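I opened my notebook to look up a few things in this structure. Here is what I wrote down as I went along.

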Amino acid sequence: MGNEAGKPSIITSSLDFLVNWGRTNSLWPFPYGTACCAIEFMSTEVGRYDLSRIGSEYVRFTPRQSDVLLVAGTITYKQAPILKRIYEQMAEPRWVIAMGACASSGGFYDCYCTVPGIDHIIPVDVYIGGCPSRPEAFFDAMFDLQKKIKDESYMKQRAERVKDQLEMIKAKTAEAKANAKEFAQEKVADIKDFVVEKEQNLVKKAQFWKE
Amino acid sequence: MSVENIFSTLEEKFGAKRETLDKWGVTAVVSGAYLHNVVQFLKDSAEVKFDMLVDIAGIDYLTYPNHEGPRFAVSYSFKSIKTPGARIRLKVLVGEDCLKVPTITDLYANANWYEREVYDQFGIVFEGHPDLRRLLNHVEFVGHPLRKDYPAQKRQWLSTNDYLLPELEKRLETLGYKVIQRSKEVEPNDDEFLEGSVKA
């Protein structure tokens, strides 16, 4: 056991697998339903189609506890800041499904009040067609999302995060160093001025006494 | 006891003409100055009492074929509950130079939001309205989208949510509640407003 843990390749791959397995089979949706697609989602969720079969057991009505933002319905410009804010409130990792024609492209609302696709506001992982989409289409989208999550690498993402943090720390250190240098130079200049003034004063005094 | 008599009374009393173009013949064109009196008459003292305001709609005649006269109109639809089937429509013509119509919110409470909608979509100002704000479009919207000269595909972004808490508190205070303390979370943060947004 101790020897195996020493091999980093085995640990990374298995941890990725474990994390992805957990994430894949417990996708809790946040239903952002504004139109008829939300009705289809209801039928997807309950008995006949039963979304719990693939692990989406609970529908969470708070962004803090959910993984998938399910945008089901027309998004108007008045609604857009609210949607963006809810997306920002969700904890990482988070995914977005655009359900139906309206959320994907604005649908037939080609007018002054409707956002032409929520990808103008937030990044989208899976699009579903249909007006409204069938529950089968929704299941298909969930399977697609699961496939996508299985391809993700937790360790790679973590490495990238650490890299970013390192770079940030380096940049900050460089900035601080530059600031300190500037400050020191200023101090040195001040001291030089002070010394020069003293010297001049001394010279003046000496001249006075000579006279 | 019929709607036909009401049209003759309206013409005698208020100089309201019957619209000939109306397919059903239930429209009377009223001048804005008499509108409030006409509505009060229809509600309280007419033979058939029209006690239900069904709708208020704005009309823009800019691209209407063979139209002469003022550009805008506001159409009021009334219905009688006690006399089934009795309906009447009043039309007020509004010129582009003076976009003003008296409000009827003191007679029909539901006119409040109808008038706000017409103001929002057509820019017609209802004088004496208690709270004339946009109803459907957001606060940062410029222009009036249902006017014929507004490009239908012109989209306008909203940078932040409408801040509706002060109005809610005002309404709560009228109901007898009192706001003692406001939690920090509901106070608008300056960072949340994007550049150029309206802090209402």
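I began with strand pairing in chain B of this predicted model. Strand 4 (residues 72–79) of chain B lies antiparallel to strand 5 of chain B, and eight bridges link the pair. I looked for a facing residue and found B:Tyr76 opposite B:Leu90 in strand 5 of chain B.

Next I checked strand 5 (residues 87–94) of chain B against strand 2 (residues 27–30) of chain B. These two strands run parallel, and I noted four bridges between them. Here B:Val30 sits opposite B:Val92 in strand 5 of chain B.

Then I turned to the domains of chain B. The assignment gives domain 1 as 3–155 and domain 2 as 159–200. I took their centres over C-alpha atoms and got a separation of 33 Å.

My next stop was helix 7 (residues 154–210) of chain A, with its 57 residues. What span should it have at 1.5 Å a residue? The expected value is 84 Å, and the end C-alpha atoms are 84 Å apart, so the two agree. I also asked how many residues of helix 7 of chain A are buried. The count is zero, so by a cut-off of 20 or more other C-beta atoms within 10 Å none qualifies. I wrote this helix down as hardly covered.

Last came the contact between the chains. Chain A brings nine residues to it and chain B brings 13. On the side of chain B that touches chain A, I sorted the residues into seven polar, four nonpolar and two charged.

Conventions:
Residues are numbered from 1 along each chain as its sequence is written. Chains are lettered from A and ligands numbered from 1 in the order in which they are written. This is a predicted model: local features need pLDDT of at least 70, side-chain atom pairs count only at pLDDT 80 or more; totals for chains, interfaces and linings use all residues. Two residues are in contact if their C-beta atoms, placed from the backbone, lie within 7 Å. Ala, Val, Leu, Ile, Met, Phe, Trp, Tyr, Cys and Pro count as nonpolar, Asp, Glu, Lys and Arg as charged, and the others, Gly among them, as polar. Domain bounds come from an automatic or database domain assignment. Two strands pair if DSSP finds at least two bridges between them. The expected span of a helix is 1.5 Å times one less than its number of residues. A residue is buried if 20 or more other C-beta atoms lie within 10 Å of its own, exposed if 12 or fewer, and partly exposed in between; C-beta atoms are placed from the backbone.
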